[in-house]
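Please find below a colleague's note on the structure shown here. The points begin with ring pairs and then turn to helix geometry, record annotations and selected residues.

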Amino acid sequence: MAKQQQPISPLKNFFAGGFGGVCLVFAGHPLDTIKVRLQTQPKPKAGESLLYAGTIDCLKKTLAKEGVKGLYKGMAAPIIGVTPMFAVCFFGFGLGKKLQQRTPDDILTYPQLFAAGMLSGVFTTAIMAPGERIKCLLQIQATTGEVKYAGPMDCVKQLYRQSGIRGIYKGTALTLMRDVPASGMYFMSYEWLKNLLTPAGKSHNELSIPSVLFAGGMAGICNWAVAIPPDVLKSRFQTAPEGKYPNGFRDVLRELIREEGVASLYKGFNAVMLRAFPANAACFLGFELAMKFLNWLAPDL
């Protein structure tokens, strides 16, 4: 494995991560809308079929009813939320790596990279939990037809009025359960694939664009393979009426397994995996290109 010529700079990671986040939203938002609609669609009454038969059906119906705009519904919130979130996420990863290095030339082991990734998961949850709660509430009101919130800010105000800061941070423990191990997987698998795809004697920085896209896309898939079950629980919990699950996620888990079996923990799997590859490929490509630009702009930062 080639030496890291460039010392790790959490600050550069911050800016490059933010740019990666913007790329991710543009590539992935349409499938995110479909994922949430599939995960939260109402149970059909006796004799009726499901609202959406599956990913492609949901895509067709959304396009027919709302056009391409329907797929990009609620995108302002993720752009505003995701840019700082990915900035903080990559910053956390950079910091996690830096803290474990004794010298700037130290090459980290995979468990160390996993630990650095987990640290980034803790960092992002602080921003992520409220953003996710608001996003889920706005995305499902389009399906249920009951317009309760005028937009993201209105949603925050109403939640705060209703139940204070706790209302906004509902589902934080589940967001942590989802993001901490998943972020560890995400960054570790990305670094592992980058090493795998780097020809002997070459440095990471010379990886071709298709290689970066492949490593980023696969890292996204590894991330979600770990994250989907807690994600399903979280979507349910955060969109449930107040007081429906008094014991938190344990109640959600019990109800889901009782009513729909273990397979329901992997609801929305196709939509998530279809989105994970292009969105994360776009994210890491954006990150690597921004990193190159920043290293050229300020080599000593």
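1. Rings of Phe, Tyr and Trp (its six-membered ring) are treated as a pair if their centres lie within 6.5 Å. The model discussed here is predicted. A search of the whole structure yields 16 aromatic pairs. In one of them, the ring centres of tyrosine 190 and phenylalanine 284 are 3.7 Å apart and the planes meet at 15 degrees, so this pair is stacked; planes under 30 degrees apart count as such. The pair joins distant parts of the chain, with tyrosine 190 in helix H6 (residues 172-197) and phenylalanine 284 in helix H9 (residues 269-297), 94 residues apart. Tyrosine 190 and phenylalanine 284 are both buried.

2. A second pair has another geometry. The rings of tyrosine 266 and phenylalanine 269 have centres 5.7 Å apart and planes at 70 degrees, so the pair is edge-to-face. Tyrosine 266 is partly exposed, at a relative accessible area of 36%, and phenylalanine 269 is likewise partly exposed, at 35%.

3. Which residues do ring pairs link into a cluster? The members are Phe86, Phe90, Phe93, Tyr186, Phe187, Tyr190, Phe284 and Phe287. The stacked pair of tyrosine 190 and phenylalanine 284 therefore belongs to this cluster.

4. Helix H9 deserves a separate remark. It comprises 29 residues and spans 41 Å from its first C-alpha to its last, close to the 42 Å expected at 1.5 Å a residue. H9 nevertheless has a kink of about 30 degrees at alanine 276, shortly before proline 278.

5. The UniProt record (unreviewed entry) places the feature "transmembrane region" at residues 12-31, 75-95 and 107-129. In the model, residues 12-31 are 100% helix and 0% strand, with end C-alpha atoms 29 Å apart. Residues 75-95 are 95% helix and 0% strand, and their end C-alpha atoms lie 29 Å apart.

6. The feature "repeat: Solcar" is listed by UniProt (unreviewed entry) at residues 8-99, 108-196 and 207-293. Residues 108-196 are 87% helix and 0% strand, and the C-alpha atoms at the ends are 15 Å apart. For residues 207-293 the helix content is 78% and the strand content 0%, with end C-alpha atoms 15 Å apart.

7. Is glutamine 139 buried or exposed? This residue of helix H4 (residues 110-144) has a relative accessible area of 7% and is buried, because buried means under 20%. The side chain of glutamine 139 forms a polar contact with the side chain of aspartate 32, at 3.4 Å. Setting aside residues up to four places away in sequence, glutamine 139 touches His29, Asp32, Thr33, Val36 and Arg37.

8. Glutamate 191 lies in helix H6 and counts as buried, at 10% relative accessibility. Beyond residues up to four places away in sequence, glutamate 191 touches Phe93, Lys97, Tyr110, Leu113 and His204. Phe93 is also a member of the ring cluster.

9. Isoleucine 8 is located in the segment before helix H1 (10-39) and is buried, at 10% relative accessibility. Leaving aside neighbours within four places in sequence, isoleucine 8 contacts Gly94, Lys97, Lys98 and Gln101. The C-alpha atoms of isoleucine 8 and glycine 184 are separated by 18 Å, while the two residues are 176 residues apart along the chain.

Methods
Residues numbered from 1 in each chain as written. Predicted model: local features only at pLDDT ≥ 70, side-chain atom pairs only at ≥ 80, totals over all residues. Heavy atoms only, no water. UniProt positions renumbered as here; feature names shortened; annotations may be inferred. Helix = DSSP H or I, 4+ residues; strand = E, 2+ residues; numbered from the N terminus. Phe/Tyr/Trp six-rings, centres within 6.5 Å; stacked < 30°, edge-to-face > 60°. Buried < 20%, exposed > 50% of the residue type's maximum accessible area, 1.4 Å probe, protein only. Expected span 1.5 Å × (residues − 1). Bend = angle between axes of the 7 residues up to and from the residue. Polar contact = N/O pair within 3.5 Å; in protein donor to acceptor, adjacent residues only side chain to side chain. Contact = heavy atoms within 4.5 Å.
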